[in-house]
Amino acid sequence: MPATVIIGTQWGDEGKGKIVDFLAEKADIVARYQGGDNAGHTVVVDGKEFRFHLVPSGAIRGKRAVLGNGMVINPSVLLEEIRRLQENGIEPDLLVSKKAHIIFPFHRELDSLKEKGKKEKIGTTKKGIGPAYTDKVARIGIRLGDLLEEGTLKAKLEFLVNIKDREAEIYGGQPTDFQKILEEYTFYGKQLKRYAGDCSAEINKALDDGKNVLIEGAQGTHLDIDHGTYPFVTSSNTIAGGACTGLGIGPTRIDDVGGVAKAYTTRVGAGAFPTELNNKIGEKIRENGGEYGTTTGRPRRCGWFDSVLVRYSCRINSLDWLALTKLDVLTGFKTVQVCVAYKDLTTGETTEDFPQTLEELGRHEPIYEELEGWTEKDLSDGISGNALKYVKRLEELCGIPIKLVGVGKSRKETLVL
Ligand code: GDP
Ligand code: IMO
Ligand code: MG
C-alpha cells in the first residue's frame with residue numbers, strides 16, 4: 001500500500017473479492033470505483049460465505065468502506081446488503097459518494113428489453129447497468145445527492161421518467177408509475193443520507209495522513225468499455241485507470257497495482273473467448289471450480305489460461321504483480337495447456353499481442369504449450385513440483401511476479417510467494 005488498486009485481468013470473477021479481503025487486513029479504507037450490482041464478489045471466512053455486490057469486500061473486516069462516484073447504485077440492493085451484513089453482526093462503516101449515479105427500476109426494465117430486442121445479445125446481468133451509465137453520459141442521470149433533496153429529485157425524476165417512458169414504448173415496455181417511484185426513492189434517500197459524502201475529499205485526506213487505501217475493481221479488463229472485447233463488455237472503465245476518475249484521485253496517488261487472474265479462464269455472457277473449451281475438459285473445470293455466476297447463477301464458460309489475454313491486462317493496467325487464484329481447481333488433470341501466443345489464420349504469422357478488434361481476433365487461434373499436471377489435493381501447505389512449475393511458467397509468460405496464489409475458497413487458502 002498506501003494506495004493499491006486490485007483489478008480483474010480476464011472477464012471478471014477472477015476471485016477479486018477473496019484477494020481484496022486478504023489484503024484488507026492492512027487497509028484503513030477499502031473502496032469501489034465503478035460498476036454496480038452486476039458485480040458479485042465472494043469471500044469465505046470460517047466456512048461462512050459472503051457475497052458482495054456493491055459494498056467493498058473489506059467491509060467484513062470492519063474497514064471504512066467507500067462506494068465511489070464512478071459507481072451506479074441500486075439503493076434497494078445496497079440497503080439489503082447492509083441489512084445482511086448487520087444480520088451477521090457487521091455494522092458497515094460506509095461512505096457513498098453523493099456523485100454516484102442511481103439505478104431505477106426503468107433502467108433494469110430497459111436493460112432486459114434492449115437485450116431481448118438484440119440479435120447478438122451481450123448477455124448482461126440485467127441489473128440496469130448499461131442504461132444507468134447511458135443516462136449519466138447523456139447528462140440526464142440522477143445521483144445520490146439528488147435523492148437527498150426532495151424538490152430536486154421530483155423535478156429530475158419527472159423529466160427522466162418522461163424520456164424513459166418514450167424509450168420503453170419503443171422497446172415494447174410499460175410506462176413508469178412516477179408517484180410510486182418518487183415515494184420509494186425519497187424513502188431510499190432518507191435511509192442513505194447518513195452514508196452520503198465526498199469520496200474524493202476523504203480518500204485524498206487519508207492518503208495525506210499516510211493511511212492505506214485498498215481499491216477494489218469490479219468486472220475485468222476485457223469487460224472494460226474502452227479496452228475490452230467491445231461491444232461484449234460492461235459500461236464502465238474497469239481498468240486501474242478508472243480508479244482515478246471513479247474516486248476523484250490523481251494518477252500519482254496510486255502506488256501499487258495488482259491484477260487477479262484465475263489459473264484458467266472463464267467468461268459469463270456472450271463474446272469472443274479464444275481458449276474456450278466446449279468439451280468434457282471445460283465441463284470438468286466448471287464442476288471442479290464451481291463456475292456458476294455469483295450474481296446470476298449462470299454457468300460460466302471455461303477454458304485454458306490465456307497468457308496473451310493476461311499480458312494485455314498487464315500493459316493496460318501497468319500491473320506490478322499478479323494474484324493467481326483457483327490453482328487447486330486444476331489439480332488432477334494429467335496435463336494442462338497454456339495459450340502462449342495467437343496464430344493469424346490468414347497470414348500464418350504468430351503474435352503475442354491481443355488483437356484490437358473482434359474481427360481481427362476472430363482471425364486468430366490460440367497456440368498452446370502443454371505442461372505436466374499435478375495430483376496434490378491439498379496445496380495449502382505450499383506448492384511444489386509440477387504445480388509450482390505451472391505457476392513459474394505463467395509468471396514468465398506474463399512478465400511480472402505472481403505474489404499470491406489461491407489454493408482454495410477460504411481466506412486462509414492464500415499463499416504468499
Ligand atoms: P470476483 O467477482 O472476482 O470477486 O470472483 P467471484 O467471487 O465471482 O468468483 C470467484 C469464485 O471462486 C468464488 O466462488 C470464490 O469463493 C472462489 N475462489 C476464489 N479463490 C479461490 C481459490 O483459490 N480456489 C478455489 N477453489 N476457489 C476460489
Ligand atoms: P465481477 O465483479 C463476470 C458481464 C455480463 C455481460 C457483460 C455486460 O463479479 O467480476 P452488464 O450487466 O455489466 O451490462 O453485463 O459483462 N459481467 C460480468 N461477468 N463478472 C462480473 O463482475 C460481471 N459484471 C458484468 O455477464 O457479459
Ligand atoms: Mg464475481
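Reader: What makes the shell around ligand 1 a matter of domain 1 and domain 3?

Author: Domain 1 (3-99 + 196-258) and domain 3 (261-416) each give the shell at least three residues. Domain bounds come from an automatic or database domain assignment. This is a predicted model: local features need pLDDT of at least 70, side-chain atom pairs count only at pLDDT 80 or more, and totals for chains, interfaces and linings use all residues. Residues are numbered from 1 along each chain as written, chains are lettered from A and ligands numbered from 1 in written order, and side-chain values use heavy atoms, without hydrogens and water.

Reader: Which residues around ligand 1 come nearest?

Author: Lys16, Gly40, Thr42, Thr294 and Asp328, out of 19. A residue is near if one of its heavy atoms lies within 4 Å of the molecule.

Reader: Why is the Gly40 approach called a polar contact?

Author: A polar contact is a pair of N or O atoms within 3.5 Å; within protein, one must be able to donate a hydrogen and the other to accept it, and residues adjacent in sequence count only if both atoms are side-chain atoms. A backbone N or O atom of Gly40 is 2.8 Å from an oxygen atom of ligand 1, so the pair qualifies. For the side chain of Arg300, the distance from an N or O atom to a ligand 1 oxygen is 3.3 Å, so that pair qualifies too.

Reader: How much of ligand 1 does the protein bury?

Author: The protein buries 95% of the 580 Å² that ligand 1 exposes when taken alone. Accessible areas come from the Shrake-Rupley method with a 1.4 Å probe; for residues, only the protein chains shown count as cover.
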